[in-house]
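Open the model in your viewer and keep the selection tool at hand. The stops below say what to select next and what is there.

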Amino acid sequence: MGKLLCDASSTAVAPAADPLPPPSPPAPPSPSPSTHLLTWPPPSPAPSPSASTWSAVWSLDDQQRRRLLQIHDRGVAWKPPTSLSPDPVLLRLDHGGEVDSDGNCLFTAARRAASAKATPRELRHRSVRRFESVYAEAEAADRDAVDAAVRHLYAPDLGTGWGVHVVQEVKLLASKDEREGLDGAIKELVDIGIQRETAAETIYKERCITVNDGDSWAKYMSISGSAEDEHDIITLQYTEEGLLTVDENRDGRAAAFGDDIAIECLATDFKREVFVVQAHGADAMVDEENCVFFLPHRPRGEICDTPIFLFMKGTAWCGAGADHYEPLVATVLEDITADKAAVVL
């Protein structure tokens, strides 16, 4: 799961194909360790269009599937740095298999798409270290911009934004070592007649870390939902009328979902562009030509290889946008020229 802002105007257009019947739910995948994104050079030819994995991907609506099959058949054109190649490279994108919806899906999907040896937790921590290094060396204005972006995502102004959101969330971090003390303080308020959720909201907001700047973002994004984490994530959910619920994460299993900041850090670590292929559902009220977006994340520094592609699709209440990452496998198309590509990156 993750949070992204997207711009439909940057997407290339291809004619719609005939509707396809919905597939049956697939069996749980068992991806081969040999499936990976090509390294540069040499390119290998792509499989035939009939081998497309998109026909078997579960939970896509008809317009999403048609558009993704168009992109698969005609490819995407990527213009590499001149140090790699003077000509555009045509890439076919196949679905790389399901990953668990456990909050670590960004790092699990990136590991598979990039054929990385590091574990998802190691990739998460590498991204955080990369961020901390850049944030510490940034000018004050750049740090302020990062802090503002973090507040927008995790400590929003609850007086605004209701024209876009039905529910807004505030993220807090509770030290695992202090959970017993927090529970005791909440109980004291309950014992004098305060409602349990109101008491929890009060104590958590007073005594936990609010995720509202670069330093607290690094603590938040380090959390993978394991016993080794230093903090637990507390989520306060609000509607326009007030507090909706408090997710106290009693078992400490909640992980920090990847966001744009984390993706840029991954791109920098891999020295590769990362494109998030975001699919909007029919409930987003967009037409077929604009239901799939390619959202670029460039590394800070040189680009040394072909891009990493991640697929992001809605799985729950935010299905009109998207909230889950899955890997895409890119192979080189040799029989289509760049001017015929479905998307030009």
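In this predicted model, select helix H3 (residues 120-137) and helix H8 together: they pack at an angle of about 95°, with their axes 9 Å apart. Angles of 65 to 115 degrees count as roughly perpendicular, so H3 is roughly perpendicular to H8.

Now show the side chains where these helices touch. On H3, pick Leu123, Arg126, Ser127, Arg130 and Phe131. On H8, pick Ile261, Ala262, Cys265, Leu266, Thr268, Asp269 and Phe270. What kinds of residues make up the contact of H3 with H8? Seven are nonpolar, two are polar and three are charged.

Keep H8 (residues 260-270) selected and add the strands that H8 lies across: S9, S10, S11 and S12 (325-332). H8 runs at about 60° to S10.

Next, select the whole sheet. It is open, has seven strands with mixed pairing, and follows the order S10-S9-S11-S12-S3-S2-S13. Which strands stand at the edges? They are S10 (292-297) and S13 (343-344). Each has a single partner strand, so one side of each is left without a neighbour in the sheet.

Zoom in on S13 and its link to S2 (residues 76-78): the two strands run parallel and are joined by two bridges. Select Val76 and, opposite Val76, Val343 in S13.

The last stop is helix H1 (residues 62-74). H1 lies across several strands, among them S2, S3 (89-95), S9 (274-279) and S11 (308-313). Compare the directions of H1 and S3: H1 runs at about 140° to S3.

Note on methods
Residues numbered from 1 in each chain as written. Predicted model: local features only at pLDDT ≥ 70, side-chain atom pairs only at ≥ 80, totals over all residues. Heavy atoms only, no water. Pairing = 2+ DSSP bridges. Helix = DSSP H or I, 4+ residues; strand = E, 2+ residues; numbered from the N terminus. Contact = heavy atoms within 4.5 Å. Axes fitted to C-alpha atoms, helices over the stretch in contact; angles between N-to-C directions. Parallel < 35°, antiparallel > 145°, perpendicular 65-115°, else oblique. Nonpolar A, V, L, I, M, F, W, Y, C, P; charged D, E, K, R; others polar.
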